[in-house]
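Work through the exercises below with the model open beside you. Each task is followed by a stepwise solution.

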Amino acid sequence: MRTLVFIPAWNEEDSIAKVIEDVRSNLAGADILVVDDGSTDATRARAHAAGARVAPLPFNQGVGSAQQTGYLYALRNGYDICAHLDGDGQHPAAELARLVDEVKAGRADMVIGSRYRDHTIALEDDYRATRSRRAGQHLFRMIVSLSTRQRFTDTTSGMRAVNRRAMALFSERYSPEFAEVESLQRAVLQGLRVEEVPVRMLHRTEGRSFITPIGSAYYIFKTLIVLLVGQFRPRVGGRAEP
């Protein structure tokens with residue numbers, strides 16, 4: 001089955017080559033696409049030098065637009081499966097490979113890597129979210145689980161694998177600001193089979209996060225509004241058509 005791994009990246013020049021190599025080592029045969037979200041550093045050049053294909057966006061549009069670009073590329077180029085992980089090195093490609101295997105086996109249309117599904121697999125130095133982020137994640141989990149009538153533990157995870165049914169849905173419309181959370185809610189309400197697989201997540205070793213405490217609080221507020229509105233959308237019976 002033809003597989004694409006795409007990596008949304010914005011100013012990740014210090015980590016992108018390592019992420020590409022990690023994907024190449026753990027997902028042999030998969031094509032690799034870096035969606036450069038208007039980076040102002042050497043991200044694009046280093047992705048090219050590492051042997052990845054690059055889809056450059058003309059300016060920074062946010063992770064949702066970068067992810068939709070990846071889904072559109074996968075759908076239009078005939079891939080059977082596509083998966084994505086962050087460009088900062090926090091998502092081990094070995095964990096992503098397990099998500100891809102679940103989709104290949106036909107057990108789900110979309111598989112999410114969850115940091116919170118099974119705490120026993122985490123190692124001592126693995127990533128730990130701050131208290132404020134955990135509070136926001138708890139609210140998202142509660143609302144998404146209530147609106148979809150399915151229990152989720154990690155609605156903000158950026159590590160996912162999907163089949164063509166999900167590619168088609170996300171290529172049609174994808175939230176530019178509330179990418180992970182809103183797309184998860186929409187996928188279930190549109191009849192896709194969505195599952196979680198427990199994964200490890202590492203600390204960022206290069207660069208820095210662009211999320212500030214004020215920005216995080218504003219994001220949580222806006223996302224809650226979007227989720228509450230989404231809760232009133234009709235649920236599609238059965239599975240979405242491919």
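**Exercise 1. Place Arg 186: which helix holds Arg 186, and is Arg 186 buried or exposed?**

Step 1. Arg 186 is found in helix H7, residues 179-189; helices are DSSP runs of H or I with at least four residues, strands are E runs of at least two, and both are numbered from the N terminus.
Step 2. Arg 186 has 9% relative accessibility, so it counts as buried (buried: under 20% relative accessible area; exposed: over 50%; partly exposed in between; 1.4 Å probe, protein chains only).
Step 3. Beyond neighbours within four places in sequence, Arg 186 is in contact with Leu 169, Glu 172 and Arg 173 (contact: heavy atoms within 4.5 Å).

The model is predicted: local features need pLDDT of at least 70, side-chain atom pairs count only at pLDDT 80 or more, and totals for chains, interfaces and linings use all residues. Residues are numbered from 1 along each chain as its sequence is written, and side-chain values use heavy atoms, with hydrogens and water left out.

**Exercise 2. Lay out the sheet: in what order do the seven strands come?**

Step 1. The order is S3-S2-S1-S4-S6-S5-S7, in an open sheet with mixed pairing (two strands pair if DSSP finds at least two bridges between them).
Step 2. Strands S3 (53-57) and S7 (194-198) are the edges, each pairing on one side only.
Step 3. Check one pair: S1 (residues 3-9) and S2 run parallel over six bridges. Val 5 stands opposite Ile 32 in S2.
Step 4. Check another: S5 (residues 110-114) and S7 are parallel over five bridges. Gly 113 has Val 197 of S7 as its bridge partner.
Step 5. Look at burial in S2 (residues 31-37): six of its seven residues are buried.
Step 6. Add H7, which lies across S5, S6 and S7 at about 35° to S6 (axes are lines fitted to C-alpha atoms, for helices over the stretch in contact; angles run from 0 to 180 degrees between N-to-C directions).

**Exercise 3. Describe how H1 and H4 cross: at roughly what angle?**

Step 1. The axes of H1 (residues 16-26) and H4 (residues 93-104) come within 8 Å and cross at roughly 45°.
Step 2. H1 is therefore oblique to H4 (under 35 degrees is roughly parallel, over 145 roughly antiparallel, 65 to 115 roughly perpendicular, the rest oblique).
Step 3. Asp 22, Val 23 and Asn 26 of H1 meet Ala 93, Ala 94 and Ala 97 of H4.
Step 4. Zoom in on Ala 93: at 0% relative accessibility, Ala 93 counts as buried.
Step 5. Ala 93 lies 68 residues from Ser 25 in sequence, yet their C-alpha atoms are 8.2 Å apart.
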